[in-house]
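Student: Could you take me through one part of this structure up close? I'd like a single helix first, and then whatever you can say about how the chains meet.

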Number of protein chains: 2
Amino acid sequence: MTFAHLAISLVIILATAKVLGELSERLGQPAVLGELIGGVLIGPNVLGWVGDSEVIRLLAEIGAVLLLFEVGLESDLEEFLRVGVAALSVALVGIALPMTLGYGLAMVLGLDGRGPIVPLFMGATLAATSVGITARVLADIGHLQSKEAKVILGAAVLDDVLGLIVLATIAGIAATGSLALGSALTTGLLAVVFLVGAILIGIPLAPYALRAVGRMRTRGKLISWALVFCLFLAWSAERLHLAAIIGAFAAGLVLAKTDDQAHIKERVRPLADIFVPIFFVWLGFSVRPQLFNPAAPGGWHTILVAGVLVIAAVIGKVAAGYCARVPGLNRLAVGVGMVPRGEVGLIFASLGLSQGIIDVGLYAVTVAVVLLTTVITPPMLKWALAPRKEEIR
Amino acid sequence: MTFAHLAISLVIILATAKVLGELSERLGQPAVLGELIGGVLIGPNVLGWVGDSEVIRLLAEIGAVLLLFEVGLESDLEEFLRVGVAALSVALVGIALPMTLGYGLAMVLGLDGRGPIVPLFMGATLAATSVGITARVLADIGHLQSKEAKVILGAAVLDDVLGLIVLATIAGIAATGSLALGSALTTGLLAVVFLVGAILIGIPLAPYALRAVGRMRTRGKLISWALVFCLFLAWSAERLHLAAIIGAFAAGLVLAKTDDQAHIKERVRPLADIFVPIFFVWLGFSVRPQLFNPAAPGGWHTILVAGVLVIAAVIGKVAAGYCARVPGLNRLAVGVGMVPRGEVGLIFASLGLSQGIIDVGLYAVTVAVVLLTTVITPPMLKWALAPRKEEIR
């Protein structure tokens with residue numbers, strides 16, 4: 001890719017994100033919905049104005065990492081611990097219920113032609129939660145400091161750890177044909193140790209590190225070292241098979257406890273302003289509206305399978321939301337906030353394809369389900385969080 | 001490239017840039033010198049901690065574009081016009097003299113075995129100026145608002161247009177064996193029309209555009225649209241065979257005249273803080289210290305040829321600096337500021353290689369000359385700009 005090609009791609013992506021994001025806000029929806037739809041439109045499957053290149057993908061992933069870093073920076077660790085039990089129950093039910101529903105429905109829809117591994121895998125895909133879109137919607141509508149946001153974000157982090165165990169288990173079954181729960185649990189334990197360790201070691205050490213940075217003379221020292229820390233934890237998380245965004249979130253949580261929190265946030269903001277929309281536009285790239293053409297061969301079947309799975313995906317997570325026992329909590333909003341599968345679901349789907357668990361047709365359906373849950377969340381979450389008569393105290 | 005690979009590469013690049021940049025400043029040198037040396041060390045030719053991938057190159061080019069965008073944002077167009085004649089004479093002599101010197105020395109060194117095209121090409125490579133490093137040094141030592149900075153930046157822009165004509169001419173000779181000055185001049189004229197047109201049309205329209213942006217509601221609207229404008233002009237410049245950084249500089253000049261200049265500058269800064277060091281570290285990647293090993297076969301010959309050409313490169317530009325007739329101007333500093341060939345020289349060299357004008361050996365020498373002029377400039381420029389007894393008024 002030449003620089004000229006990258007430059008014009010970024011011009012198209014950013015301009016589309018801003019125009020459709022603006023339109024979305026004017027229509028009373030979060031800006032992120034416009035960005036997603038913009039991505040579908042300019043992406044390779046519709047207008048083809050921008051190709052899905054490696055560079056755009058990596059810039060998009062930087063965007064996801066910066067988004068969760070920023071969310072971490074604006075969060076208070078104590079508030080998470082206070083809703084810890086609620087978040088854990090939401091995460092556990094939010095994994096178990098969609099898995100069961102997905103497994104059952106896949107059996108009913110006759111997707112078990114190649115053995116129980118396919119229904120099992122479809123269930124696992126429905127269990128994954130991507131917190132990116134919810135974090136963005138909560139930020140868009142100014143709800144990031146709410147109790148609901150804490151439960152959702154806390155549950156999403158736990159969900160990622162639990163999802164990791166599920167994924168490792170399923171991949172193990174696919175590879176060896178037998179259940180190796182031990183190694184899957186080891187993977188999960190390692191992830192927990194990393195997260196807890198990074199935060200417990202990071203919080204007492206960060207003030208010393210920042211004092212050293214403060215004594216430096218070069219320009220941009222604070223944002224540079226903050227980003228080095230964020231990217232290092234993102235890399236570590238990926239190395240432990242966690243999502244990079246979980247590492248970035250942990251880095252944000254650590255720096256949120258320091259005196260420089262406000263300065264770091266202020267400097268991360270323009271970076272996030274540019275990179276985060278690239279992520280959501282890029283997410284839209286993989287949507288293939290052609291699949292849902294009822295006139296095309298197999299079109300109705302695709303619509304049916306995808307529709308049933310989307311409904312299961314929504315019901316599973318919304319029900320999980322009602323398991324959070326916190327007084328005055330908008331539990332519907334918590335459940336809706338857990339609905340999007342986003343990039344985590346896409347990772348699951350592409351892993352299933354590369355490991356030969358699912359075929360190309362089922363892969364397309366899985367991607368469609370993942371993206372439908374992502375696109376319906378912004379308006380649903382906004383609606384769920386709107387103040388209602390009986391809830392106004 | 002996986003995201004984990006990119007993340008750890010960026011961690012290494014940014015940490016190296018900050019540590020060696022800091023060291024450089026503590027030793028009384030501009031931070032950029034440390035970044036360049038850091039790039040040599042961690043790059044593929046020495047330690048090999050970071051590979052020279054497409055993604056890193058593109059991020060580096062974004063850095064160069066952001067650097068010149070920022071310099072443009074801090075510049076006043078009128079001040080450039082005021083030193084226009086001086087800048088033009090520096091640019092003209094700065095092209096003619098190094099070309100003549102390079103041509104003559106290449107003949108003396110016996111590089112005309114394949115006809116006069118090789119000496120001609122070596123001369124053209126010595127004529128190119130890269131303003132990136134000088135702009136960065138001037139910013140590092142707080143001299144961006146000086147008269148010298150205006151002459152250097154103005155001359156560098158003119159230099160790029162003139163260099164474009166020279167390059168088009170030489171490439172034409174190499175391709176057809178005959179001189180096609182007409183088409184080369186057309187290329188140059190087009191570039192001038194673009195630059196003048198972008199600025200003349202941009203300045204009256206920018207306030208209206210920014211007023212429209214001001215009425216928008218989405219987050220990050222100002223930085224997003226400013227960057228869209230910058231990248232669009234960078235892309236346009238590349239399409240007209242100018243350097244992308246010239247387009248970015250023009251975009252900065254246009255926005256510098258608006259009421260939002262300070263806000264835009266403030267938001268571009270963290271982006272530049274992250275990307276600009278990536279550019280300079282990446283520049284260091286292509287240095288191959290192995291070539292200058294006197295014990296290696298041909299080592300002494302390489303050192304001799306490179307040394308002679310570097311001296312010619314410095315003398316040519318320093319003499320050009322003395323052609324600037326502006327009262328009270330530090331003409332030595334102007335000449336030194338024109339010395340670095342940077343990425344423009346690298347583009348020349350790789351074009352010469354791909355067009356078969358020079359062979360791999362001569363390519364290596366050309367790259368070495370380009371990079372030596374880049375590495376020696378920061379300390380030389382700092383020294384040239386230091387106040388001297390006879391100059392203190």
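Tutor: Sure, let's start with what packs over helix α2 of chain B, keeping in mind that this is a predicted model. The cover over the buried residues of α2(B) includes α1, α7 (131-140), α12 and α16 (360-385) of chain B. The helix underneath runs over residues 31-42, and its 12 residues reach 17 Å from first C-alpha to last, close to the 16 Å expected at 1.5 Å a residue. Since 10 of those 12 residues are buried, α2(B) is largely enclosed by the rest of the structure. Among the buried ones are B:Leu33, B:Leu36, B:Val40 and B:Ile42, along with B:Glu35 and the glycines B:Gly34, B:Gly38 and B:Gly39.

Now for the chain contact. Chain B and chain A each put 53 residues into it. Together they bury about 5,000 Å², with 69% of that on carbon and sulfur atoms. On the chain B side, B:Phe3, B:Lys18 and B:Arg219 lose the most area to chain A, together 16% of what that side buries.

There's a polar part too: 18 residue pairs are in polar contact across the interface, both partners at pLDDT 80 or more. The elements giving two or more residues to chain B's side are α1 (3-26), α3 (54-73), α10 (221-239) and α12 (261-285), and α1(B) gives the most, with 15 residues. By class, that side has 32 nonpolar, 5 polar and 16 charged residues. As for salt bridges, the two chains share 4; one is A:Arg219 with B:Glu70, where the closest N and O atoms are 3.0 Å apart.

Definitions and conventions
Residues numbered from 1 in each chain as written. Chains lettered and ligands numbered in written order. Predicted model: local features only at pLDDT ≥ 70, side-chain atom pairs only at ≥ 80, totals over all residues. Heavy atoms only, no water. Contact = heavy atoms within 4.5 Å. Buried area = accessible area lost by both parts, 1.4 Å probe. Salt bridge = Lys/Arg side-chain N within 4 Å of Asp/Glu carboxyl O. Polar contact = N/O pair within 3.5 Å; in protein donor to acceptor, adjacent residues only side chain to side chain. Helix = DSSP H or I, 4+ residues; strand = E, 2+ residues; numbered from the N terminus. Nonpolar A, V, L, I, M, F, W, Y, C, P; charged D, E, K, R; others polar. Expected span 1.5 Å × (residues − 1). Buried < 20%, exposed > 50% of the residue type's maximum accessible area, 1.4 Å probe, protein only.
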